[in-house]
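Trainee: Got a minute to walk me through this one? I'd like to get my bearings before I set anything up.
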Amino acid sequence: MKTIIEPFRIKSVEPIRMTTRAEREEKLAAARYNLFALKSRDVLIDLLTDSGTGAMSARQWAAVMNGDESYAGSPSFDRFKTAVQNLMPFDHIIPTHQGRAAEAILMSILGGPGRKIPSNTHFDTTRGNIEASGAEAIDLIIPEGRDSQSLHPFKGNMDLAALESLLTEHGDAVPAVMITITNNAGGGQPVSLENIQAASKLARRHGKLFIVDGCRFAENAWFIKQREPGQFERTITDIVRDCFACADGMTMSAKKDAFGNIGGWLALNDDDLAEQARVKLIQTEGFPTYGGLAGRDLEALAEGLAEIIDESYLRYRIRTNEYIVEQLDAMDIPVVKPAGGHAVFVDAKRWLPGMNPLDYPAHAVACRLYEIAGIRSCEIGSVMFGRQTDGSEKPAAMELVRLAFPRRTYTQSHADYVIEAFAELKDEITSLRGFTITNEPKQMRHFTCAFERQ
Ligand code: F0G
């Protein structure tokens, strides 16, 4: 059969409240044009993030009831740890309330003034935690990763030559090399197993730790299976194990590829580093057998990790994005190609070539998409990255609108609705106006700043 169906039945539903365009225009104006300030009840299809927004399975909900909430020595921790180690063979598994807490703990140990931490592309919380420690976060993506039209199969790959020269010239300043799979900030693009292993080899040759940000490890493994020579016959589990076997540790947001509504972990092999991390964990998150989570959350994540590697799920998951990208591309709407793992990215710089990047074209597209169809997306461009640490403002490398799909939450007709919304938006594209930021906090402005339509 050619039709790829959602590989699940729906047992429990959440109604969507229908709204009119006039109502949405009013709500967005009241939110001062910041999509983060909208109430979720005013959103029809929420593609703001794929983080913590997925549907848990019946088995996960059943596992929740087995949660043991003991402060120390909970069997829920043992089940969680076994499930993680089944895929990621690290010695120390340290649970945290979400990914950024794992990053904060790691960077409190590895970061510090004068240090440099490279990655293919750091996610913004990783960058934030590195910079908060006084260290420098460096992105070393391959050139194809910056070109929205390049059809390179692994646009998330690390530029190994650039990594080599950084390690040769500034090796003393580098405590660790990181790699993000898939590369969220660069369009959800995958990293090949070959590239992960080569980056690890380089890091180790220079005596550096190699740390994987593994948030979307299963989606990345699916791409490896489909696109990397010699990988097609292998199981997702074997590919995942290979991705982590060459690493010294990982940070994880379990809100992505562990099907959790909350959760994360830091994993390490080094005993001494793990001891330091656990001290910090106790100070900031909780005792090492629950970290920042409840026993029931650990149970849900253990079950989620068993489900995420299912190939029929991954096939449906990745195909949904490909389908939307194909349809938008057929309408000549500029999209990042090939489709990413967790999201569709629209290239607003190419769609609105006449608009100054500091009038925030991707934000203009995201706002009009909400007004037309009630779809909430997220700007990844100059609103998010434009403000520099010295206070100046400069355009971001790309002006993207991200439509991130929660896992197992929306169906084919929701995808078709998104496509229809873009057809409407295309008819209105020449009428889009830019925005001015009228009020912004000192850091991470995109979450709370206020806008005025020009
Ligand atoms: N690393 C990557 C690659 C991420 O995408 C995220 C979160 C984190 C780390 C941080 O994890 O949210 O659990 O603290 N990304 C979400 C997103 C927020 O919408 O892309 P967290």
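Mentor: Sure. Keep in mind that this is a predicted model. Just after helix 7, Gly207 has a positive phi of about 75 degrees.

Trainee: Where does helix 7 run, and what length does it reach?
Mentor: Helix 7 covers residues 193–205, which makes 13 residues. From first to last C-alpha it reaches 18 Å, close to the 18 Å expected at 1.5 Å a residue.

Trainee: Which residues of helix 7 are buried?
Mentor: Leu193, Asn195, Ile196, Ala199, Ser200, Leu202 and Ala203.

Trainee: And what do those pack against?
Mentor: The buried residues of helix 7 pack against helix 6 (160–170), helix 8 (217–227) and helix 9 (236–245), plus strand 5 (176–180) and strand 6 (209–213).

Trainee: Those strands belong to a sheet, I guess. What is the strand order?
Mentor: The order is 2-8-7-6-5, in an open sheet of 5 strands with mixed pairing. Strand 2 (92–96) and strand 5 are the edge strands, each pairing on one side only. On average, neighbouring strands in this sheet are turned by 15 degrees against each other, direction ignored.

Trainee: Strand 6 and strand 7: parallel or antiparallel?
Mentor: Parallel, over 3 bridges, with strand 7 spanning residues 249–253. Asp213 stands opposite Thr251 of strand 7.

Trainee: Switching to helix 5. Which of its residues are buried?
Mentor: Helix 5 is residues 124–132, and its buried residues are Asp124, Thr125, Thr126, Asn129 and Ile130. Their cover includes helix 4 (99–110), strand 3 (116–119), strand 4 (136–139) and helix 15 (382–385), and strand 5 and strand 6 turn up there too. After helix 5 comes Gly134, with a positive phi near 100 degrees.

Trainee: OK, zooming out. What are the domains?
Mentor: The domain assignment gives domain 1 as 21–50 + 310–453 and domain 2 as 58–307. Their centres, taken over C-alpha atoms, are 26 Å apart. Domain 1 puts 27 residues into the contact and domain 2 puts in 30 residues.

Trainee: How much area is buried between domain 1 and domain 2?
Mentor: About 2,500 Å², and carbon and sulfur atoms give 56% of that. On the domain 1 side, Leu314, Pro338 and Arg407 lose the most area to domain 2, together 20% of what that side buries.

Trainee: There's a 3-strand open sheet as well. What's its order?
Mentor: The order there is 9-12-11, with antiparallel pairing. Strand 9 (343–347) and strand 11 (378–380) are at the edges with a single partner strand each, so one side of each has no neighbour in the sheet. Neighbouring strands here are turned by 30 degrees against each other on average, direction ignored.

Trainee: How many bridges join strand 11 to strand 12?
Mentor: There are 3 bridges, and strand 12 is residues 400–404. Ile380 stands opposite Leu400 in strand 12. Helix 14 (residues 361–373) packs on that sheet, touching strand 11 and strand 12, and its direction makes about 40 degrees with that of strand 12.

Trainee: Last one, Arg21. Where is it placed, and what does Arg21 touch?
Mentor: Arg21 is in helix 1 (residues 21–30). Leaving out residues up to four places away in sequence, Arg21 touches Arg368, Glu371, Ile372 and Glu428. The C-alpha atoms of Arg21 and Ala373 are separated by 7.2 Å, although the two are 352 residues apart along the chain.

Trainee: Why call Arg21 partly exposed?
Mentor: Because its relative accessible area is 29%, and partly exposed lies between the under 20% of buried and the over 50% of exposed.

Key: Residues numbered from 1 in each chain as written. Predicted model: local features only at pLDDT ≥ 70, side-chain atom pairs only at ≥ 80, totals over all residues. Heavy atoms only, no water. Helix = DSSP H or I, 4+ residues; strand = E, 2+ residues; numbered from the N terminus. Expected span 1.5 Å × (residues − 1). Buried < 20%, exposed > 50% of the residue type's maximum accessible area, 1.4 Å probe, protein only. Contact = heavy atoms within 4.5 Å. Pairing = 2+ DSSP bridges. Axes fitted to C-alpha atoms, helices over the stretch in contact; angles between N-to-C directions. Domains from an automatic or database assignment. Buried area = accessible area lost by both parts, 1.4 Å probe.
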